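Here are some short exercises to work through with a viewer open. Try each task before you read its solution.

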Amino acid sequence: MIKAMAYIDRQKDKNAGLIKNCTALFDGIEGGKEYRGKPYGYILKEGKYNLYKEIRDEVQSYFEDNKITWWRGKVTGNTLSSQIACLNHLFPIRNDKGAVLRLVQGLDPGFTEVKAITYNSEKQPGYIAFETVCEKDYLNECAAGASPTRGANYTSIDALIFAKHKSRNNVLILIEWKYTESYSGDKSKGNSGLVRMNRYNGLIDKSGYLVSLSEYNGSVYYREPFYQLMRQTLWAEQIIKHKDVLTASGDRANDYLHIHVIPNENEALLKNERLYRFSKKSLKDTWEGQLKDKGHYKIVDPEELFTPSTNESFVDEIEGKKDYSKLIDYLKVRYW
């Protein structure tokens, strides 16, 4: 029996083919950049062309203006980058209030308004902020006297939206974006593991959102992707607890919604019970088991994020005037 090709390998082949045959997507930039001495067809030789053409300059200005460090220091040419995928999907609509509202209403029709985020002293605030961190060291991640910086070494949120709900809750919508990732390993091992547990165990014990454990060493909270979800949940809880101001009009959050964007085809991440042998469950069931309220967490496929529950197209449903048909066409070819 021929073993089915893994999702990550299918995406490597797909993107290498797009670089070679759909040159307009990347302005003719070639693949084959070397990594550790070996060329890879799915890695572009010039990283900025990995971004959707309409946002290339603006994204780089956004990162510079907000002092955000790129993963590994610069725009990656790796077409499998989840950071790039997140930006290509969400950055083009970040300044369009109607589009962002339509997006979150696809997650929950009870959302009534989105507001521009000024947290982190955001330059040119939009309705989606990227690589957001705590303004103060609520998660015990900094050296004495230091503050978290955006994009590297601290718990951050890929994309953040502030929305009002008809229940009168002010909701932080945290978006964590995945593409071809899958994980193994134990973050509680060794000296670095002890440092991590000293940072977060006490916060978990006091959390109103996370289930506390009698033993954290080797636990679900220190296995990816749950280690990241744990830290982001604590991030949201601390922002809410400390009543941090998030918008220019002084809005604070009193609730959160955690969105995990993962392609349905990435079964290695979603369903690999072998990797999650400590729980013997899927990603969704494993993480929901750690939450006091399962309603705070939702997994969404990237295409479904842009497809309202009515199954009508995202473009047709937006109340604003801007035409996103070119963006949708790009995303369909590149990712969906």
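The exercises below use a predicted model.

**Exercise 1.** Find which residues of helix 11 are buried, and work out how they are placed around the helix axis.

*Solution.* Start with helix 11, residues 325-334. Its buried residues are Leu327, Ile328, Tyr330, Leu331 and Arg334. Next, look down the axis: these residues lie on the same side of helix 11 because they cover an arc of only 160 degrees. A general point helps here: an α-helix has 3.6 residues a turn, so residues three or four places apart point the same way.

**Exercise 2.** Describe the geometry of the aromatic pair that tyrosine 52 and tyrosine 330 form, and locate both partners in the chain.

*Solution.* First take the distance, which is 4.6 Å centre to centre. Then take the angle between the planes, 40 degrees, which makes the pair tilted. Now locate the partners: tyrosine 52 is in the loop between strand 2 and helix 2, while tyrosine 330 is in helix 11, 278 residues apart. Finally, check burial: tyrosine 52 and tyrosine 330 are both buried.

**Exercise 3.** Classify tyrosine 216 and tyrosine 221 as buried or exposed, then characterise their ring pair.

*Solution.* The cut-off for buried is under 20% relative accessible area. Tyrosine 216 has 6% relative accessibility, so tyrosine 216 counts as buried. Tyrosine 221, at 0%, therefore counts as buried too. Their rings form a tilted pair, 6.1 Å centre to centre with 35 degrees between the planes. To widen the view, ring pairs link Tyr216 and Tyr221 with Phe226, Tyr276, Phe278 and Trp287 into a cluster.

Definitions and conventions: Residues are numbered from 1 along each chain as its sequence is written. This is a predicted model: local features need pLDDT of at least 70, side-chain atom pairs count only at pLDDT 80 or more; totals for chains, interfaces and linings use all residues. Side-chain values use heavy atoms; hydrogens and water are left out. Buried means under 20% relative accessible area, exposed over 50%, partly exposed in between (1.4 Å probe, protein chains only). Helices (H or I, at least four residues) and strands (E, at least two) are DSSP runs, numbered from the N terminus. The arc is that of the directions from the helix axis to the C-beta atoms. Rings of Phe, Tyr and Trp (its six-membered ring) pair if their centres lie within 6.5 Å; planes under 30 degrees apart count as stacked, over 60 as edge-to-face and the rest as tilted.
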